[in-house]
Amino acid sequence: MKVMVFDVGGTGIKYSVMDEQLNRTDTGSTPTPADSQEHFLNTLREIYLPHKDEVDGIALSLPGFIDAEQGVVRGGGAPSLAYNVGTPVGPRLAEACGCRVWIENDGKAAAIAELERGVLKGCRNAAVFIIGTGVGGGLIIDGKLVRGRDCTAGEYSFMNTNADAWNDPTKSVACQCSTSGLLSGYRARKGLPADAPMDGRIFFEAVHAGETEANETLRSFCRAVAVQIYNLNVLLDLEKVAIGGGISKQPILVETLNEVYEEYILRGHPFSEAQARCLPRPEIVPCRFLSEANQIGAFASYQKAFLED
């Protein structure tokens, strides 16, 4: 059995044909259309059609409050995908392509992949923290993925980071703990214009070269992420937190995050280090499937929905 799998992000769409052994062929990527849902659906259809005779259907991972059973995007998601909000994306894509379609929230897809086949396997309480254009997530409680009544569980991007600045949209996890937030912080520290060309490759090359501004930015960014991991742990008593997204391919990210958690969260706790250590520290690890976790989780969700009948 093979499935056409799409991982839709705010800026790009990754795709592949995946089989039950998680072998991926015909992989590629394309920019995410920002103008209309018609353009978006046509883009997916054009990629799918050459493979229609070899695959069972389409599995789609994308940001937003996803009602997977109905194939509807209820809200949220990347601004460039606002045209999907309130629409039955799954059924519309199924009609356009003439095949079965299953859609899944990207953070939840990553959590499914890591729970079933990755670093969260066997965990009772755990979380994934997906760092991308925004911040996606998935929560595992009592060994099961939590969706919530309105499909919003694990939408970390909407969490506020400062109660004294409620009206400031930059005081959010979306702005402070995302790749875009990391790069914005680096531009500011370097004194570069806000629109100066910048990406993860350029940033981490500077980190590995030992550039002071880059390493200071990385540690500041990791402090922001560590605080949110601490908050999740206080609420849910987590065994592990798996870090995903494109920049999770950089080992220095998780290494620095663990260092900062020890130094800033535990030894620098405002109540006292002793009290902080009364809360068991979750393991902070990279996702096994790194930036491919979304595709693998979408595949697993499709398989469970359609092939276990």
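Which residues form one aromatic cluster with W102? In this predicted model, the cluster consists of W102, Y302 and F306. Within the cluster, Y302 and F306 form an edge-to-face pair. Their ring centres lie 4.8 Å apart, and the planes meet at 65°. Both residues belong to helix 10, which spans residues 293-306. They are four residues apart, about one turn of that helix. Y302 has a relative accessibility of 0% and therefore counts as buried.

The structure holds eight aromatic pairs. One of them joins Y186 and F203, with ring centres 5.1 Å apart. The planes of Y186 and F203 stand at 80°, so this pair is edge-to-face. Y186 sits in helix 5 (residues 179-190), whereas F203 sits in helix 6 (residues 200-208). The contact therefore ties together parts that are 17 residues apart in sequence. Y186 and F203 are both buried. An aromatic ring also takes part in a contact with a charge: the charged end of R223 sits over the ring of Y264. The distance from that charged end to the ring centre is 5.7 Å.

The cysteines were examined next. A disulfide is a covalent bond between the sulfur atoms of two cysteines. The structure holds zero disulfides. Why does C97 not bond to C99? The C99 sulfur is the closest cysteine sulfur to that of C97, yet the two are 5.1 Å apart, which is too far for a bond because a disulfide requires sulfur atoms within 2.5 Å. C97 is buried, at a relative accessible area of 9%. For C222, the closest cysteine sulfur is that of C177. That separation is 9.8 Å, so it too is too far for a bond. C222 is likewise buried, with a relative accessible area of 1%.

An open sheet is built from five strands. Their order is 10-9-8-11-12, and the pairing is mixed. Strand 10 (144-145) and strand 12 (283-286) stand at the edges. Each has a single partner strand, so one side of each is left without a neighbour in the sheet. Elsewhere in the order, strand 8 (residues 126-131) and strand 9 (residues 135-141) run antiparallel. Six bridges join strand 8 to strand 9. Among the residues bridged here is A126, whose partner in strand 9 is I140.

Key
Residues numbered from 1 in each chain as written. Predicted model: local features only at pLDDT ≥ 70, side-chain atom pairs only at ≥ 80, totals over all residues. Heavy atoms only, no water. Buried < 20%, exposed > 50% of the residue type's maximum accessible area, 1.4 Å probe, protein only. Phe/Tyr/Trp six-rings, centres within 6.5 Å; stacked < 30°, edge-to-face > 60°. Helix = DSSP H or I, 4+ residues; strand = E, 2+ residues; numbered from the N terminus. Lys NZ or Arg CZ within 6 Å of the ring centre and 35° of its normal. Pairing = 2+ DSSP bridges.
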